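Please open the model in your viewer and follow the selections in the order given below.

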Amino acid sequence: MFREIFTKRILGAIAFAIVFGLACYALGMWQLSRYEAKDARANAVEANYARAAVPLAQVLPSPASALGEDQIWSKVTVTGRYAVDRTLVVRTRSLASALGLEVLVPLRVGDATLLVDRGWVRLGETAAELPAFPPAPTEEVTVTGWLKPSEDDRGQNLPAGQLASINLPQAQRQIGGTLYQAYLVMDTERTASGLTPQRPAPLEPPSVDRGPHFAYALQWWLTAGLGIAFVVFLYRSRPGAAERRAEATPKPKKVRIWDEEDG
(Lines give C-alpha, C1' and ligand atoms only; values in the text may rest on other atoms or scores of the structure.)
Protein backbone atom coordinates (compact mmCIF):
# COMPACT_ATOMS: atom_id res chain seq x y z
CA MET A 1 0.00 0.00 0.00
CA PHE A 2 2.82 2.41 0.89
CA ARG A 3 4.38 1.85 -2.53
CA GLU A 4 1.11 2.88 -4.12
CA ILE A 5 0.94 6.06 -2.03
CA PHE A 6 4.55 7.19 -2.26
CA THR A 7 4.81 7.37 -6.03
CA LYS A 8 6.14 10.42 -7.86
CA ARG A 9 2.66 11.06 -9.20
CA ILE A 10 0.99 11.04 -5.77
CA LEU A 11 3.82 12.89 -4.01
CA GLY A 12 3.69 15.60 -6.68
CA ALA A 13 -0.06 15.90 -6.15
CA ILE A 14 0.42 16.17 -2.38
CA ALA A 15 3.02 18.93 -2.85
CA PHE A 16 0.63 20.76 -5.19
CA ALA A 17 -2.22 20.40 -2.67
CA ILE A 18 -0.06 21.85 0.13
CA VAL A 19 1.04 24.85 -1.97
CA PHE A 20 -2.49 25.36 -3.27
CA GLY A 21 -3.93 25.15 0.25
CA LEU A 22 -1.40 27.66 1.62
CA ALA A 23 -2.18 30.06 -1.25
CA CYS A 24 -5.92 29.76 -0.59
CA TYR A 25 -5.33 30.31 3.13
CA ALA A 26 -3.23 33.44 2.45
CA LEU A 27 -5.83 34.85 0.04
CA GLY A 28 -8.56 34.16 2.57
CA MET A 29 -6.61 35.98 5.29
CA TRP A 30 -6.10 38.92 2.90
CA GLN A 31 -9.84 39.14 2.26
CA LEU A 32 -10.48 38.83 6.00
CA SER A 33 -8.11 41.75 6.71
CA ARG A 34 -9.97 43.86 4.15
CA TYR A 35 -13.27 42.97 5.82
CA GLU A 36 -11.91 43.82 9.28
CA ALA A 37 -10.67 47.21 8.05
CA LYS A 38 -14.06 48.05 6.50
CA ASP A 39 -15.87 46.70 9.55
CA ALA A 40 -13.81 48.93 11.87
CA ARG A 41 -14.58 52.00 9.71
CA ALA A 42 -18.28 51.12 9.56
CA ASN A 43 -18.41 50.62 13.33
CA ALA A 44 -16.79 54.03 13.85
CA VAL A 45 -19.31 55.68 11.50
CA GLU A 46 -22.25 54.02 13.24
CA ALA A 47 -20.93 54.98 16.67
CA ASN A 48 -19.76 58.56 16.01
CA TYR A 49 -21.30 60.17 12.93
CA ALA A 50 -24.72 61.05 14.37
CA ARG A 51 -23.48 62.08 17.83
CA ALA A 52 -23.58 65.66 19.06
CA ALA A 53 -20.45 67.73 18.46
CA VAL A 54 -17.89 68.08 21.26
CA PRO A 55 -14.94 70.51 21.56
CA LEU A 56 -11.93 69.54 19.45
CA ALA A 57 -9.71 69.28 22.55
CA GLN A 58 -11.94 66.54 23.92
CA VAL A 59 -10.97 64.24 21.04
CA LEU A 60 -7.52 65.63 20.18
CA PRO A 61 -5.99 67.18 23.31
CA SER A 62 -3.00 68.44 21.32
CA PRO A 63 -1.92 68.73 17.67
CA ALA A 64 0.37 65.72 18.17
CA SER A 65 -2.47 63.49 19.42
CA ALA A 66 -3.28 60.61 17.11
CA LEU A 67 -6.87 59.96 16.06
CA GLY A 68 -7.83 56.52 17.40
CA GLU A 69 -9.57 54.03 15.14
CA ASP A 70 -12.70 54.27 17.30
CA GLN A 71 -12.58 58.09 17.08
CA ILE A 72 -12.78 58.35 13.30
CA TRP A 73 -15.83 60.41 12.26
CA SER A 74 -16.09 61.96 15.72
CA LYS A 75 -18.03 65.21 15.44
CA VAL A 76 -16.28 68.24 16.93
CA THR A 77 -16.54 72.01 17.00
CA VAL A 78 -13.58 74.40 16.83
CA THR A 79 -13.04 78.15 16.53
CA GLY A 80 -10.23 79.83 14.61
CA ARG A 81 -9.28 81.85 11.54
CA TYR A 82 -8.71 80.47 8.05
CA ALA A 83 -5.35 80.96 6.34
CA VAL A 84 -7.08 81.62 3.02
CA ASP A 85 -3.81 82.22 1.18
CA ARG A 86 -2.78 78.62 1.97
CA THR A 87 -5.83 76.98 0.40
CA LEU A 88 -5.19 73.56 -1.19
CA VAL A 89 -7.24 71.50 -3.64
CA VAL A 90 -7.37 67.71 -3.86
CA ARG A 91 -7.75 66.30 -7.35
CA THR A 92 -9.82 63.35 -8.61
CA ARG A 93 -12.52 63.39 -5.96
CA SER A 94 -16.04 62.24 -6.82
CA LEU A 95 -19.48 63.32 -5.69
CA ALA A 96 -22.63 61.66 -7.05
CA SER A 97 -20.47 59.92 -9.70
CA ALA A 98 -19.08 63.24 -10.98
CA LEU A 99 -15.37 64.07 -10.82
CA GLY A 100 -14.15 67.20 -9.17
CA LEU A 101 -11.93 68.71 -6.48
CA GLU A 102 -12.14 69.02 -2.72
CA VAL A 103 -11.16 72.33 -1.16
CA LEU A 104 -8.90 72.24 1.91
CA VAL A 105 -8.34 75.39 3.94
CA PRO A 106 -5.99 75.57 6.96
CA LEU A 107 -7.74 76.80 10.12
CA ARG A 108 -5.44 78.48 12.63
CA VAL A 109 -6.30 77.18 16.09
CA GLY A 110 -3.99 78.81 18.59
CA ASP A 111 -0.41 77.99 17.60
CA ALA A 112 -1.43 75.01 15.42
CA THR A 113 -3.37 74.40 12.21
CA LEU A 114 -6.33 72.13 11.54
CA LEU A 115 -6.93 71.29 7.89
CA VAL A 116 -10.61 71.74 7.01
CA ASP A 117 -12.26 70.10 3.99
CA ARG A 118 -14.90 72.72 3.08
CA GLY A 119 -16.45 70.63 0.29
CA TRP A 120 -16.43 69.65 -3.38
CA VAL A 121 -16.45 71.56 -6.68
CA ARG A 122 -16.93 70.18 -10.19
CA LEU A 123 -13.96 70.11 -12.57
CA GLY A 124 -13.44 72.94 -15.02
CA GLU A 125 -13.60 72.73 -18.80
CA THR A 126 -10.08 71.26 -18.92
CA ALA A 127 -8.04 69.28 -16.40
CA ALA A 128 -5.48 72.07 -16.18
CA GLU A 129 -8.12 74.68 -15.35
CA LEU A 130 -9.01 75.01 -11.67
CA PRO A 131 -12.71 75.80 -11.19
CA ALA A 132 -13.87 78.80 -9.17
CA PHE A 133 -15.24 78.11 -5.70
CA PRO A 134 -16.51 80.21 -2.76
CA PRO A 135 -13.56 81.47 -0.71
CA ALA A 136 -13.32 80.82 3.00
CA PRO A 137 -14.16 83.76 5.29
CA THR A 138 -11.27 85.79 6.68
CA GLU A 139 -12.89 86.65 10.01
CA GLU A 140 -13.03 84.34 13.02
CA VAL A 141 -15.25 81.35 12.37
CA THR A 142 -16.65 78.42 14.35
CA VAL A 143 -16.57 75.18 12.37
CA THR A 144 -18.40 71.94 13.12
CA GLY A 145 -17.50 68.73 11.36
CA TRP A 146 -16.08 65.21 11.51
CA LEU A 147 -12.49 64.17 12.12
CA LYS A 148 -10.70 61.81 9.76
CA PRO A 149 -7.12 60.47 9.65
CA SER A 150 -4.51 61.21 6.99
CA GLU A 151 -4.94 59.38 3.68
CA ASP A 152 -2.22 57.36 1.97
CA ASP A 153 0.38 59.12 -0.16
CA ARG A 154 -0.30 58.32 -3.83
CA GLY A 155 3.21 59.23 -4.85
CA GLN A 156 2.17 61.88 -7.41
CA ASN A 157 3.97 65.17 -7.90
CA LEU A 158 1.44 67.92 -8.51
CA PRO A 159 1.83 71.70 -8.81
CA ALA A 160 1.97 73.81 -5.65
CA GLY A 161 -1.42 74.15 -3.99
CA GLN A 162 -2.62 70.76 -5.23
CA LEU A 163 -2.70 67.29 -3.66
CA ALA A 164 -3.46 63.82 -5.02
CA SER A 165 -4.91 62.76 -1.66
CA ILE A 166 -5.49 64.28 1.77
CA ASN A 167 -2.09 63.22 3.00
CA LEU A 168 -1.28 65.38 6.01
CA PRO A 169 2.55 65.20 5.76
CA GLN A 170 2.33 66.39 2.13
CA ALA A 171 -0.08 69.15 3.11
CA GLN A 172 2.18 70.25 5.96
CA ARG A 173 5.12 70.65 3.58
CA GLN A 174 3.05 73.18 1.62
CA ILE A 175 1.35 74.91 4.55
CA GLY A 176 4.14 74.88 7.12
CA GLY A 177 3.76 75.18 10.89
CA THR A 178 2.30 72.60 13.27
CA LEU A 179 -0.52 70.54 11.79
CA TYR A 180 -3.08 68.48 13.71
CA GLN A 181 -2.77 64.73 13.04
CA ALA A 182 -6.29 64.60 11.62
CA TYR A 183 -8.36 66.77 9.30
CA LEU A 184 -11.96 67.99 9.54
CA VAL A 185 -14.75 67.32 7.06
CA MET A 186 -16.93 70.39 7.46
CA ASP A 187 -20.61 70.14 8.33
CA THR A 188 -21.39 73.77 9.18
CA GLU A 189 -19.53 77.00 9.85
CA ARG A 190 -20.61 80.35 11.31
CA THR A 191 -18.73 83.61 11.58
CA ALA A 192 -18.43 85.63 14.78
CA SER A 193 -21.12 87.97 13.38
CA GLY A 194 -23.52 85.02 13.02
CA LEU A 195 -23.32 84.66 9.23
CA THR A 196 -23.16 81.35 7.36
CA PRO A 197 -20.65 81.83 4.50
CA GLN A 198 -21.05 80.31 1.08
CA ARG A 199 -19.16 77.07 0.66
CA PRO A 200 -18.45 74.32 -1.90
CA ALA A 201 -20.90 71.40 -2.10
CA PRO A 202 -21.02 69.28 1.09
CA LEU A 203 -19.56 65.79 0.82
CA GLU A 204 -21.70 62.67 0.84
CA PRO A 205 -22.23 60.86 4.16
CA PRO A 206 -19.81 57.98 4.75
CA SER A 207 -20.78 54.48 3.70
CA VAL A 208 -21.24 51.68 6.24
CA ASP A 209 -21.07 48.96 3.58
CA ARG A 210 -18.69 46.23 4.73
CA GLY A 211 -18.46 44.64 1.29
CA PRO A 212 -18.36 40.92 0.36
CA HIS A 213 -14.84 40.34 1.70
CA PHE A 214 -15.85 37.99 4.54
CA ALA A 215 -17.75 35.76 2.09
CA TYR A 216 -14.72 35.81 -0.23
CA ALA A 217 -12.49 34.70 2.67
CA LEU A 218 -14.77 31.71 3.35
CA GLN A 219 -14.78 30.83 -0.35
CA TRP A 220 -10.96 30.80 -0.49
CA TRP A 221 -10.71 28.60 2.61
CA LEU A 222 -13.29 26.15 1.26
CA THR A 223 -11.51 26.13 -2.11
CA ALA A 224 -8.39 24.80 -0.35
CA GLY A 225 -10.23 21.46 -0.07
CA LEU A 226 -9.98 21.02 -3.85
CA GLY A 227 -6.28 20.23 -3.43
CA ILE A 228 -7.14 17.28 -1.17
CA ALA A 229 -9.83 16.16 -3.59
CA PHE A 230 -7.25 16.26 -6.39
CA VAL A 231 -4.90 13.95 -4.44
CA VAL A 232 -7.73 11.51 -3.72
CA PHE A 233 -8.74 11.53 -7.38
CA LEU A 234 -5.20 10.74 -8.56
CA TYR A 235 -4.86 7.98 -5.99
CA ARG A 236 -8.12 6.35 -7.01
CA SER A 237 -7.33 6.68 -10.72
CA ARG A 238 -3.79 5.24 -10.50
CA PRO A 239 -3.01 2.38 -12.95
CA GLY A 240 -4.67 -0.86 -11.90
CA ALA A 241 -6.69 0.73 -9.09
CA ALA A 242 -10.04 0.03 -10.72
CA GLU A 243 -9.14 -3.64 -11.29
CA ARG A 244 -8.02 -4.07 -7.68
CA ARG A 245 -11.23 -2.51 -6.40
CA ALA A 246 -13.24 -4.82 -8.63
CA GLU A 247 -11.34 -7.86 -7.32
CA ALA A 248 -11.90 -6.76 -3.73
CA THR A 249 -15.65 -6.40 -4.26
CA PRO A 250 -17.51 -9.60 -3.24
CA LYS A 251 -19.21 -11.22 -6.21
CA PRO A 252 -22.89 -12.15 -5.81
CA LYS A 253 -23.45 -15.86 -5.28
CA LYS A 254 -25.07 -17.60 -8.22
CA VAL A 255 -28.42 -19.18 -7.46
CA ARG A 256 -29.10 -22.42 -9.23
CA ILE A 257 -32.57 -23.21 -10.56
CA TRP A 258 -33.00 -26.26 -8.33
CA ASP A 259 -31.95 -24.19 -5.30
CA GLU A 260 -34.80 -21.85 -6.04
CA GLU A 261 -37.18 -24.78 -6.43
CA ASP A 262 -36.00 -26.22 -3.13
CA GLY A 263 -36.60 -22.90 -1.46
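**A tour from a loop residue to a strand residue**

Begin by selecting S65, which counts as buried because its relative accessibility is 16%, below the 20% limit for that class. The model is a predicted one. S65 belongs to the loop that runs between α3 (56-59) and β2 (75-82). Now display its surroundings: beyond residues up to four places away in sequence, S65 touches L60 and Q181.

Next, zoom out to the whole protein chain. Colouring by secondary structure should bring out 8 helices and 8 strands. Of the 263 residues in the chain, 36% are buried. Among contacts with a separation of 6 or more, 68% join residues that are 24 or more positions apart. If a surface is switched on, the chain exposes about 15,900 Å², with carbon and sulfur atoms supplying 58% of that area.

Then select strand β8, residues 179-191, and pick out E189 within it. Is E189 buried or exposed? E189 is buried, since its relative accessible area is 4%, against a limit of under 20%.

Show the side chains around E189. Which side chains make polar contacts with that of E189? One is the side chain of Y82, at 2.7 Å; another is the side chain of R118, at 2.3 Å.

Finally, expand the selection to the contacts of E189, leaving aside neighbours within four places in sequence. Y82 and R118 appear here again, together with P137, V141, T142 and V143. The list of contacts of E189 also includes L195, T196, P197, Q198 and R199.

Note on methods
Residues are numbered from 1 along each chain as its sequence is written. This is a predicted model: local features need pLDDT of at least 70, side-chain atom pairs count only at pLDDT 80 or more; totals for chains, interfaces and linings use all residues. Side-chain values use heavy atoms; hydrogens and water are left out. Helices (H or I, at least four residues) and strands (E, at least two) are DSSP runs, numbered from the N terminus. Buried means under 20% relative accessible area, exposed over 50%, partly exposed in between (1.4 Å probe, protein chains only). Contact means heavy atoms within 4.5 Å. Accessible areas come from the Shrake-Rupley method with a 1.4 Å probe; for residues, only the protein chains shown count as cover. A polar contact is a pair of N or O atoms within 3.5 Å; within protein, one must be able to donate a hydrogen and the other to accept it, and residues adjacent in sequence count only if both atoms are side-chain atoms.
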